[in-house]
Amino acid sequence: MDSPPQPSGTSAPARQKSWKDDLVSGFLVFLIALPLCLGIAMASGFPPVAGILTAVVGGVVSTWLGSAPLTIKGPAAGLIVIALGAVQELGEGDAQLGYRRALATIVIAAVAQIVFALARAGKLGDFFPSSVVHGMLAAIGIIICSKQIHVLLGVAPQAKEPLHLLLEIPRSVMRMNPEIAAIGALSLAILFGFPVLGKRFKVLQKIPAPMIVLALAVPLAHLFDLEHEHTYTFSITHHDYKIGPSFLVNLPNNLLAAVTRPDFSHAFSGTSIKYIVMFALVGSIESLLSAKAVDTLDPEKRKSNLDKDLLATGVGNLIAGLIGGLPMISEIVRSSANIGYGARGRLSNFFHGLLLLLFVAFLPGLIHRIPLAALAAMLTFTGTRLASPREFVKTFKIGREQLLIFVATTLTTIATDLLVGVAAGIVLKMVIHVFNGTPLSSLFRPQIEETVEGERVVLRVKHAAVFSNYLSLKGRLAKHAAAPRIVIDFADARLVDHTVMEKLHELEGELEAHGRKLELTGLSEHRGLSAHPLSARKKVSLLRPLAR
């Protein structure tokens with residue numbers, strides 16, 4: 001749903017305050033986005049400027065197509081693994097060729113996203129179970145850390161695969177370049193310590209931590225003379241170390257020179273199709289989930305039209321891919337910061353993109369002074385947040401079966417790739433559902449009896465309500481969009497899984513905000529698989545044989 005239009009009585013000062021709030025927020029988000037866009041691009045095997053190009057398109061173009069008023073669109077850490085894999089596999093040892101062929105997959109995936117949006121596929125964000133999505137994100141976080149810690153230490157690792165890269169970290173610590181590692185370690189300490197200081201000193205909460213990192217890292221890079229190739233001797237180890245411009249961000253002096261055309265020569269090879277599917281599916285899912293999460297943070301409780309937001313993402317990706325940029329999504333970290341800085345509408349995203357364009361066009365020399373170790377620290381920090389131990393604990397509290405799915409998705413993704421990892425998590429969840437009493441016939445289509453009693457609608461769900469058939473249940477609810485009271489009766493359901501409990505809990509809040517009521521009944525004979533209020537519910541009669 002689009003932002004509601006300003007009432008005719010809205011005063012000029014109020015409208016002026018709104019765009020001024022968006023300008024301030026857009027500027028602060030720009031300060032966060034600048035180093036992150038550079039770091040995400042480099043970690044993806046793309047030129048640093050590719051991340052900036054994407055954020056510019058996401059802000060200047062996609063702003064006017066999407067309906068999510070407070071989301072910030074740009075490159076995201078969650079797609080680093082896919083982008084880097086595309087460059088490496090499609091390039092076959094030639095990084096530039098791999099980059100151009102990867103752009104072709106981004107363009108075709110963008111067309112698929114546009115088709116998804118026109119087919120109203122925004123509801124697909126409700127299909128994927130949260131344990132699988134969080135497991136995928138945790139795997140991405142671990143993979144990011146496995147690669148970026150070596151950059152932070154100033155060491156080129158020998159390994160290529162994530163597990164081997166993790167095992168090589170102790171070796172890189174022993175071989176670290178002291179001056180580069182000092183920049184990286186200081187940057188990491190600031191990123192981890194700043195939120196703690198922000199709780200004690202409220203004034204610091206308005207200062208973007210990445211800018212504090214750059215404010216210290218850039219002078220350190222100048223002090224260590226990274227702009228000139230030379231060697232130095234570290235007195236403690238008595239070893240000589242090489243440093244120079246290769247440890248700094250490299251940008252073209254002319255922004256137009258950064259525009260790169262995609263190479264479609266291998267666009268429909270088996271490898272390209274794999275990455276087209278991953279960019280289209282993973283990018284769409286992550287963007288939809290982020291947009292939904294931002295809606296919950298919106299002070300005005302506006303609800304986004306996810307189909308329009310997916311269309312904006314697809315069009316933005318089409319343009320970004322054609323000029324040499326990374327794929328974009330509605331990015332949750334920058335979007336939540338945008339809300340925290342007081343944004344009122346979509347202009348904040350526009351201003352953030354416009355400021356990035358102006359900065360790169362007129363001040364590329366300043367970006368060249370940024371040390372790669374500082375960007376690696378930001379990405380390592382992002383990776384640790386995605387794979388935080390708290391996510392494992394949180395999932396375990398929801399249910400042991402959720403942790404099993406979470407861990408299986410994470411490990412499979414690290415060992416193989418994202419598509420296989422997500423597929424493995426979904427299949428495992430279905431197997432667990434069948435083990436818990438879900439008939440195969442009800443896995444994708446629930447049996448629902450419907451009764452209309454005046455203004456009260458009762459939906460009686462038979463057999464099971466699980467993630468894979470939730471879209472059918474949601475579609476049935478959508479048919480009664482005007483009903484003031486809806487009751488969902490699970491008395492005849494053998495299993496109600498965590499995803500359904502979570503989605504219905506969210507829907508309950510949405511309906512309540514519009515003066516309607518959603519009531520869940522028939523769960524008195526069900527027992528939660530954990531003490532968590534949204535854990536899966538299994539009928540007691542099915543639990544007794546297992547207890548014997």
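Here are a few exercises with worked solutions on this structure, which is a predicted model.

**Exercise 1: a hairpin**

Find how strand 2 and strand 3 pair, and work out which residues stand opposite each other.

*Solution.* Start by locating the two strands: strand 2 covers residues 230-234, and strand 3 covers residues 239-243. They run in the antiparallel sense and are joined over five bridges. Next, look across from one strand to the other. Y232 has Y241 in strand 3 as its bridge partner, and T233 faces D240 in strand 3. Finally, go to the turn. Four residues sit between the two strands, which together form a hairpin. One residue to note in the turn is H238, whose phi is positive at about 60°.

**Exercise 2: the two ends of a helix**

Describe what happens at the start of helix 12, inside it, and after it.

*Solution.* Begin at the start of helix 12, where a side-chain oxygen of E331 comes to within 3.0 Å of the backbone nitrogen of V333. Then move along the helix itself, which spans residues 332-340. Its buried residues include R334, S335, A337, N338 and I339. Last, step past the helix: G342 follows, with a positive phi near 95°.

**Exercise 3: aromatic rings**

How many aromatic pairs does a search of the whole structure find? Classify the pair F27 and F30, then the pair F192 and F381.

*Solution.* The search gives 10 aromatic pairs. For F27 and F30, the ring centres are 6.0 Å apart and the planes meet at 40°, so this pair is tilted. Both residues belong to helix 1 (residues 12-43), where they are three residues apart, about one turn of the helix.

Now check their surroundings. F27 has a relative accessible area of 39%, so F27 is partly exposed. F30 has 7% relative accessibility and therefore counts as buried, the limit being under 20%. Ring pairs also bring in F359, linking it with F27 and F30 into a cluster.

For F192 and F381, the ring centres are 5.0 Å apart and the planes are at 85°, so this pair is edge-to-face. F192 sits in helix 8 (residues 178-200) and F381 in helix 15 (residues 372-386), so the pair ties together parts that are 189 residues apart in sequence. F192 is partly exposed, because its relative accessible area is 42%. F381, at 14%, is buried.

**Exercise 4: a pocket and its lining**

What volume does the second largest pocket have, and which residues lie nearest its centre?

*Solution.* The volume comes to about 790 Å³. A total of 30 residues line the second largest pocket, and M42, K147, Q148, V151 and P157 are the ones nearest its centre. Next, ask which elements contribute. Those giving two or more residues to the lining are helix 1, helix 3 (80-91), helix 5 (130-153) and helix 15. To finish, sort the lining by type: 20 residues are nonpolar, eight are polar and two are charged.

**Exercise 5: far in sequence**

How many residues separate A376 and Q148 in sequence, and what is their C-alpha to C-alpha distance?

*Solution.* First place A376, which is found in helix 15. Then compare its position with that of Q148: the two are 228 residues apart in sequence, but 5.2 Å apart in space from C-alpha to C-alpha. As a last step, decide whether A376 is buried or exposed. Its relative accessible area is 1%, so A376 is buried.

Key
Residues numbered from 1 in each chain as written. Predicted model: local features only at pLDDT ≥ 70, side-chain atom pairs only at ≥ 80, totals over all residues. Heavy atoms only, no water. Pairing = 2+ DSSP bridges. Buried < 20%, exposed > 50% of the residue type's maximum accessible area, 1.4 Å probe, protein only. Polar contact = N/O pair within 3.5 Å; in protein donor to acceptor, adjacent residues only side chain to side chain. Phe/Tyr/Trp six-rings, centres within 6.5 Å; stacked < 30°, edge-to-face > 60°. 1 Å grid on protein atoms, 1.4 Å probe; cavity = no way out; pocket = protein on both sides within 12 Å on 5 of 7 lines; lining within 4 Å. Points joined across faces, edges and corners; volume = space filled by probe spheres on them. Nonpolar A, V, L, I, M, F, W, Y, C, P; charged D, E, K, R; others polar.
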